[in-house]
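The following note is offered for the attention of a colleague in computational chemistry. Its points proceed from the overall chain to individual side chains.

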Amino acid sequence: MKNLSTHLQRTVISLAIGLSAAAMATAAGEPAHSWRDFPGVSNTSFTEPSGDRAIQLSIDVPAPVHDVYVAFTTTEGFRSWAVPVTHVELRVGGFMESSYDATATIGDPDNIRNQILAYVPDRLLVIRNVHAPKSLADAELFQRTVTAIEFTAIDAGHTRVTMTNAGYGTGDAFARLYRNFEWGDAYYLSELRSRFDHGPVDWTARAAQQKAKAASDNVTQAAAAHH
């Protein structure tokens, strides 16, 4: 992806595919996790000639390249693994709108909106975030960045997906965004592979699991507070 990055790093900004995770981590301060938490994710991040940094992560997915591309660039495909609520308008200038809140609807003011800057069928998608949830600190800095997602066929049944999030400048705020999105992007690459390993996400079941876990965590914390 480095050859591609040379041409795109001046024009592309970070993919908001890890936006929800990054927003939560930013709100909490320092991220608690690392991209290394996700087996199979490779990190070839680099510093641009300008001194800006680019997050570059990749993963191998057990599916044909067209199927993986469709999972990113169609409404049903993106909903099958990334978010429960989404609408994808695949055209230059089109938008990918989404929410991690299963009760949200398209057009809600706190939805994520990414503009599609360029695409090459079955090979490339380039997007830029134009609207972030209010929970994301330093959203205006994030929106200076661009993301290129490259799809490379390894063989007939396997695809390498490489995400390059370019344009992270200097300073503490950019450093926090970089760390949070490095983890968030790795998480979502892992989720993409899981979609083809195990099938589409059942968002209703996942919400129930998360609710049960939150309740269990609350009970554990309450019990600990009384000792």
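1. Status and overall make-up. The model under review is predicted. Its protein chain comprises seven helices and nine strands. Of the 227 residues, 47% count as buried. The chain exposes about 11000 Å², and 53% of that area is supplied by carbon and sulfur atoms. Among the contacts in the protein chain with a separation of 6 or more, 61% are accounted for by residues 24 or more positions apart.

2. The nonpolar core. Which residues have the most contacts inside the largest nonpolar core? They are Phe72, Phe151 and Val161, in a core of 42 residues. The elements that give two or more residues to this core are the strands β3 (53–61), β7 (124–131), β8 (146–155) and β9 (158–168), together with the helices α3 (65–73), α5 (139–142) and α6 (172–198). Helix α6 gives the most, with ten residues. As general background, nonpolar side chains tend to be buried together in soluble globular proteins.

3. Strand pairing from β7 to β9. Strands β7 and β8 run antiparallel and are joined by four bridges. Within this pairing, Val126 has Ala148 of β8 as its bridge partner. Strands β8 and β9 also run antiparallel, and nine bridges join them. These two strands form a hairpin, with two residues between them. Phe151 stands opposite Val161 in β9; both residues were named in point 2 among those with the most contacts inside the largest core. The hairpin pairing and the core description can therefore be read together at this position, given that a nonpolar core is defined as a set of buried residues joined through side-chain atoms within 4.5 Å.

4. A salt bridge between strands. The structure holds seven salt bridges, and three of them merit individual comment here. In one of them, the side chains of Arg160 and Asp60 meet with an N to O distance of 2.7 Å. Because Arg160 lies in strand β9 and Asp60 in strand β3, the pair ties together parts that are 100 residues apart in sequence. Arg160 is partly exposed, with a relative accessible area of 39%. Asp60 is likewise partly exposed, at 33%.

5. A salt bridge within helix α4. Arg79 forms a salt bridge with Glu76, and the closest N and O atoms are 2.4 Å apart. Both residues belong to helix α4 (residues 75–79); they are three residues apart and so are separated by about one helical turn. Arg79 is partly exposed, with a relative accessible area of 26%, whereas Glu76 counts as exposed at 55% relative accessibility.

6. A salt bridge between helices. Glu191 forms a salt bridge with Arg206, the closest N and O atoms being 2.9 Å apart. Glu191 is in helix α6 and Arg206 in helix α7 (residues 203–225), so that the pair, 15 residues apart, links distant parts of the chain. Is Glu191 buried or exposed? Glu191 is buried, because its relative accessible area of 14% falls under the 20% limit. Arg206, at 22% relative accessibility, counts as partly exposed.

7. Backbone at two aspartates. Two residues deserve inspection for their phi angles. Asp122 has a positive phi of about 65° although it is not a glycine. This residue is placed in the loop between β6 and β7, and Asp122 is partly exposed, with a relative accessible area of 25%. Asp138 has a positive phi of about 60° and is not a glycine either. The place of Asp138 is in the loop between β7 and α5, and at 21% relative accessibility Asp138 counts as partly exposed.

8. A nonpolar surface patch. Which residues make the nonpolar surface patch of about 240 Å²? Leu90, Val92 and Tyr119 make it. Tyr119 is found in strand β6 (residues 112–120). Why can Tyr119 take part in such a patch? Its relative accessibility is 31%, which counts as partly exposed, and patches are made of residues with over 30% relative accessible area.

Methods: Residues are numbered from 1 along each chain as its sequence is written. This is a predicted model: local features need pLDDT of at least 70, side-chain atom pairs count only at pLDDT 80 or more; totals for chains, interfaces and linings use all residues. Side-chain values use heavy atoms; hydrogens and water are left out. Patches are made of residues with over 30% relative accessible area and no salt bridge: like charges are joined within 9 Å, nonpolar side chains (Val, Leu, Ile, Met, Phe, Trp, Tyr) within 5 Å. Accessible areas come from the Shrake-Rupley method with a 1.4 Å probe; for residues, only the protein chains shown count as cover. A salt bridge is a side-chain nitrogen of Lys or Arg within 4 Å of a carboxyl oxygen of Asp or Glu. Buried means under 20% relative accessible area, exposed over 50%, partly exposed in between (1.4 Å probe, protein chains only). Contact means heavy atoms within 4.5 Å. Two strands pair if DSSP finds at least two bridges between them.
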